[in-house]
Amino acid sequence: MIKACYINGISSLSPQSTVEEENFDFQQIQTFEKPVLQVAFKGYKKLIKPAAMRRMSKSVKMGVFTAASALIDANVKEPTSILTGTGMGCKQDSDIFLENLLLQHEELLSPSKFVQSTHNTVGGQVALYLKSKAYNFTYVQGSASFESALLDAQLSILTEEKKHQILVGGIDEISENTIGLLQLDQQIKSETSLENLKLLDYKSKGSIIGEGAHFFVISEEKSQNSYAQLIDLHLENSLATEEVFPKTKAFLAENKLAIADIDLVILGNNGDVDFDAYFQPLQQEFKEIPQVYYKHLVGESYTASAFGMQLGVKILKSQHLPEAYRLNTVQPQKTIKKVLLYNQFRGKNHSWILLEHV
Amino acid sequence: MIQRIAITGMGIVSAIGNNVQENLLALAQQKSGIGQLELLDTIHQNFPCGEIKLTNTHLVDALKVKQDEAFTRAALLGVKAAEEALQQAQISSTNKIAFVNGTSVGGMDYTEKLYQDFSKNPHTTKYIEAQHPGFTSDTIAHHLAITGLVTTVSTACSSGANALITGAKLLKAGKAETVLAGGTDCLSKFTLNGFHSLKILSEKLCQPFDEHRSGLNLGEGAAYLVLETEKKAKAQNKTILGYLDGYGNANDAFHQTASSATGEGSFLAMQAALNSAKINAEEVSYTNAHGTATENNDLSEGIAIQRIFEENLPKISSTKAFTGHTLAAAGAIEAVFSLLAIQEQKIWPNLNFKAQMPELNFSPETEIVPKKIEKVLSNSFGFGGNCSSLLFSAV
């Protein structure tokens, strides 16, 4: 028997969050004129004590805050597992420790940045904050990091005979120290002035970068607060562009669905002229239905797709398509019931997520 | 019907050998691989390490790696161990297998070498992406022609054990038919200095569970297991090396790097592993402990072991004094050692042990002990309070 995965709680911090409010109504749009989109939110003390916060890096603050507030949203006290995905982990602390090591020629190093540098720091700190001894896993797999954690949530529900309240999230922070390296690697666009809302118009290499934390509470039991159901997800490490559509059809077929059953697609276009071709087949094949994208508003990061998922989940619940996120002009003809997300980064770590209205 | 998870292949490279046979020989001869650093460029030459004496250049040639690709040392070690495991499991076509890797710092060796020079040497920019551990897994997958499900667990020193847990879950859920799972980590200045800054490296050969233990020795290595459902392995007439019958993970939720005095996380992980294998503690013949030889770990783990087994303590040893602490690879390397214990029906010794810890009522085995071994419990713990335990069974 196939067990369901209901999404019963959400919290999301992104460059679209304001200084005071993590949540936003998709109508008010934050705009940026540089390719680095940071989270401006400052309201962590609503949930985190100042003494604890002093030692927390931005990833840890964003992660602990959204984990705690997703649990509140789901009205769940104790998670049965804590699953995190992060592409870069606690990059800032890791960079600082490395730079000190190099500058001080391996002498007189303080351990404080090292101990916060492991990729499971957010998972561990969420456990400490919640005093949770539950199963605690962290995945780091490029742009499939969050999806790997989400896959573990699904595997847990499918393989374990117990009730689950799974806290699953994606977290990545911008490290000031290595922005230069990302520019050098042409991950960041080189245009000196750049409007994020026109991201797809530049036709140049690279994208704009972002950061954020997005947590979900997932259970096999539907609740009064259920936003949507996670039907299934699929990962492929490497693909040619012409394989994207056949793989999409095969994934839908595994779930006894056809292309015509999908009401909305959410795509991970990031404006990188070398790689947005991966999204073309789906833009073409799904041209009769509404299409949505989001990286122009929150920037690229290895866990940006977790923002995409909360966007899809909120659209399913509200049945409202926010204007600034639309990739085409097709209006929904009926209730949006099934949403398909597809993402990849530089031709690697492709993911598909299938969500359903509850 | 939930399937039993069969192990049909294993591969390893560590300071005590470049393949399973060499590792087995060193274990049987009680020969440690820990000694003076020769390859890692660091000022801290006073700390003995379990270094693999194969240069990257040698590995690139031996593994026939394409020169234009960005192979980190962890990827090179990973490919070496993975190829051995796949060969033993007779996997000729890799396009349908899933790969679950465990690594902590991934490509940190290249990052620390090139960090200040990326802008000066354009041919090095291909290593910029190596800053994230997934890159190392991608490179291994690409070399092995694995294109489907590839993921990486990074829970510090329990990563390798946790990768095996994820692999088992993928099979049980029917999300994969064959899984290559394990871990890889190389020595780096980053980790050596990190552990040094925490003052938990020993200048002597490490002495797990000894009253006078003075810290850990770092190591490097990689190990992978091929996991398949018992049904599939039998249908294909494959030799089954053992079963991964149980696993557990729990969080100590005590401190970012230190373990609690009661070993609560380790206790819960071992308990969960026994429960998921549906066995009682007294059925365990041997426990391959995490046993890093730090003051804190061995006390916390020792107490947790006493709490789990009470009057029925199994034979216990840590093999860290053979290989050093290989971080994300440790859980996978020790999974191989656990399977070798089952294969040889021998307990591997806990080298360098002299005096029992006054806080504990047991001493680890110091000699090779021939014994009927049916069930082995293998522990791996990491920063972030991460505690894992795996239960392997004989065929």
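Trainee: In S4(A), which residue is the bridge partner of Leu83(A)?

Mentor: Let's begin with the strands, which, like helices, are DSSP runs numbered from the N terminus (helices are H or I with at least four residues, strands are E with at least two). S2(A) and S4(A) pair in the parallel sense over five bridges, where pairing needs at least two DSSP bridges between the strands. Within S4(A), the partner of Leu83(A) is Val168(A).

Trainee: Before we go on, what pLDDT do local features need here?

Mentor: Residues are numbered from 1 along each chain as its sequence is written, while chains are lettered from A and ligands numbered from 1 in the order in which they are written. This is a predicted model, where totals for chains, interfaces and linings use all residues, side-chain atom pairs count only at pLDDT 80 or more, and local features need a pLDDT of at least 70.

Trainee: Back to Leu83(A): which residue in S3(A) does it stand opposite?

Mentor: S2(A) covers residues 81–85 and pairs with S3(A) in the parallel sense over five bridges. Across from Leu83(A) in S3(A) stands Phe137(A).

Trainee: Is strand S3(A) buried or exposed?

Mentor: A residue is buried if 20 or more other C-beta atoms lie within 10 Å of its own, exposed if 12 or fewer, and partly exposed in between, with C-beta atoms placed from the backbone. Tyr135(A), Phe137(A) and Tyr139(A) are on one side of S3(A), Asn136(A) and Thr138(A) are on the other, and both faces are covered. Five of the five residues are buried, so the strand is largely enclosed by the rest of the structure, and the word we want is buried.

Trainee: And how many residues of S2(A) are buried?

Mentor: Ser81(A), Leu83(A) and Gly85(A) point one way from this strand, with Ile82(A) and Thr84(A) pointing the other way. S2(A) is largely enclosed by the rest of the structure, because its buried residues number five of the five.

Trainee: Which element gives the largest share of the side of domain 1 of chain A that touches domain 2 of chain A?

Mentor: Chain A is divided into domain 1 (5–219) and domain 2 (228–357), with bounds from an automatic or database domain assignment. The contact takes 47 residues from domain 1 of chain A and 36 from domain 2 of chain A; two residues are in contact if their C-beta atoms, placed from the backbone, lie within 7 Å. Strands S1, S4 and S5 and helix H6 of chain A each supply at least two residues of the domain 1 side. The largest share, six residues, comes from H6(A).

Trainee: How many charged residues does the side of domain 1 of chain B that touches domain 2 of chain B have?

Mentor: Chain B is assigned domain 1 (5–235) and domain 2 (247–393), and 61 residues of its domain 1 are in contact with 52 of its domain 2. H6(B) gives the largest share of the domain 1 side, eight residues. Ala, Val, Leu, Ile, Met, Phe, Trp, Tyr, Cys and Pro count as nonpolar, Asp, Glu, Lys and Arg as charged, and the others, Gly among them, as polar. By class, that side has 31 nonpolar residues, 25 polar ones and, for the charged class, five.

Trainee: Which element gives the most to the side of chain A that touches chain B?

Mentor: The contact takes 50 residues from chain A and 58 from chain B. The chain A side has 23 nonpolar, 20 polar and seven charged residues. With six residues, the element that gives the most is H6(A).

Trainee: What is the radius of gyration of chain B?

Mentor: Chain B has 12 helices and 12 strands. The globule rule, 2.2 Å times the number of residues to the power 0.38, goes with a radius taken over C-alpha atoms. For 395 residues the rule gives 21 Å, and chain B is as compact as a globular protein of that length because its radius of gyration is close to that, at 19 Å.

Trainee: How far apart are the end C-alpha atoms of H12(B)?

Mentor: H12(B) is mostly covered, with 13 of its 15 residues buried. Its expected span is 1.5 Å times one less than its number of residues. That span is 21 Å, which agrees with the separation of its end C-alpha atoms, 20 Å.

Trainee: Which residue just after H12(B) takes a positive phi?

Mentor: H12(B) covers residues 330–344. Just after this helix, a positive phi of about 55° is taken by Gln345(B).
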